[in-house]
Amino acid sequence: MERNTLETVLGAVVLLVAVGFLYLIYSETDVGTNTSGYQLELRFDSGGSTIVGTDVRIAGVKVGSVIDQHLDAAAYQAVVTIEVDSDVQLPKDTSAVVTSDGLLGDNYILLNIGGDTEMLKPNERIRKVQGAINLADLINKFVVGTDSGTSN
């Protein structure tokens, strides 16, 4: 009987620790956040590893995330929908660049704020965009002096 009580107590401790870890993960990530922002559209020729959940940042601070991504089959462009916090107002001439945290870091979308006095409205499109730079092409261009896609 003593062994059953010990096993029950130990099982309860393991369950409490597991619940504690789940709470920690849930509270430290954006899994449960309910953002109340507005959506904007970006169109990239090369979206470069942006997936749903990818951060959108201004000056290194997260202000939103990617909520949808699909291919425009007619224009052969990656259409990325982002949601930006409602307290962040972006000028119409804001630009977006897909970049990464260092050489092996995660990709994110960096918003460069413009100087226009008119602000973007929900569901409008950021027109000035730059996709991710392909690292293999960049290295090949440096070493050989040509693009890997260029034929001789």
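# Notebook: R57, the sheet and its surroundings

**Entry 1, R57.** I started with R57, which is buried, with a relative accessible area of 15%. I note at once that I am reading a predicted model, and that every value I write down is computed from that model. The cut-off that matters for this step is 20% relative accessible area, under which a residue is called buried, and R57 at 15% falls on that side. I then asked what the charged end of R57 sits over. The charged end is placed over the ring of Y108, at 4.1 Å from the centre of that ring. R57 also forms a salt bridge with D55, and there the closest N and O atoms are 3.3 Å apart.

**Entry 2, salt bridges.** I followed D55 onward and found that D55 forms a salt bridge with K62 too, with the closest N and O atoms 3.5 Å apart. K62 is partly exposed, having a relative accessible area of 33%. Elsewhere, salt bridges that share partners join E41, R43 and D72 into one network. Within that network I looked up the link between R43 and E41, whose side chains meet in a salt bridge at 3.2 Å, N to O. E41 is partly exposed, at a relative accessible area of 25%. How many salt bridges does the structure hold? The count comes to six.

**Entry 3, aromatic rings.** After the ring of Y108 I wanted to know how many aromatic pairs there are. The structure holds zero aromatic pairs, and I kept the contact of R57 with the ring of Y108 as a separate note, since it concerns the charged end of R57.

**Entry 4, the chain as a whole.** I stepped back to the secondary structure, which comes to two helices and eight strands. Reading along the sequence, I wrote down the pattern α-β-β-β-β-β-β-β-β-α, with a helix as the opening element and another as the closing element. The chain has 152 residues, and buried residues make up 24% of them. About 10,400 Å² of the chain is exposed, and carbon and sulfur atoms supply 58% of that area. I also looked at contacts between residues at least 6 apart in sequence, where 58% join residues at least 24 apart.

**Entry 5, the sheet.** In what order do the eight strands stand in the sheet? They form an open sheet in the order β7-β1-β4-β3-β2-β6-β5-β8, and the pairing is mixed. β7 (125–126) and β8 (128–130) stand at the edges, each with a single partner strand, so one side of each is left without a neighbour in the sheet.

**Entry 6, strand pairs.** I took β2 (residues 55–58) first, which is joined by four bridges to β3 (residues 61–72), the two running antiparallel. In this pair I58 stands opposite V61 in β3. β2 is also joined to β6 (residues 107–112), here by two bridges, and these two strands run parallel. V56 stands opposite I109 in β6. Is the run of β5 (residues 95–100) against β6 parallel or antiparallel? β5 and β6 run antiparallel, with six bridges between them, and V97 stands opposite L110 in β6.

**Entry 7, loops with positive phi.** I next looked in the loops, and in the one between β2 and β3 I found A59. Phi of A59 is near 55°, a positive value in a residue other than glycine. A59 is exposed, with a relative accessible area of 72%. I then turned to Y76, whose place is in the loop between β3 and β4 (77–85). Y76 has a positive phi of about 55°, although it is not a glycine. Y76 is exposed as well, at a relative accessible area of 65%.

**Entry 8, T50.** My last look-up was T50, in the loop between β1 (37–44) and β2. Is T50 buried or exposed? T50 counts as buried, at 2% relative accessibility. Leaving out residues up to four places away in sequence, I found that T50 touches Q69, V80, V98 and I109. I109 had already come up in my notes as the residue of β6 that V56 stands opposite.

Conventions: Residues are numbered from 1 along each chain as its sequence is written. This is a predicted model: local features need pLDDT of at least 70, side-chain atom pairs count only at pLDDT 80 or more; totals for chains, interfaces and linings use all residues. Side-chain values use heavy atoms; hydrogens and water are left out. Rings of Phe, Tyr and Trp (its six-membered ring) pair if their centres lie within 6.5 Å; planes under 30 degrees apart count as stacked, over 60 as edge-to-face and the rest as tilted. A charge sits over a ring if NZ of Lys or CZ of Arg is within 6 Å of the ring centre and within 35 degrees of the ring normal. Two strands pair if DSSP finds at least two bridges between them. Buried means under 20% relative accessible area, exposed over 50%, partly exposed in between (1.4 Å probe, protein chains only). A salt bridge is a side-chain nitrogen of Lys or Arg within 4 Å of a carboxyl oxygen of Asp or Glu. Contact means heavy atoms within 4.5 Å. Accessible areas come from the Shrake-Rupley method with a 1.4 Å probe; for residues, only the protein chains shown count as cover.
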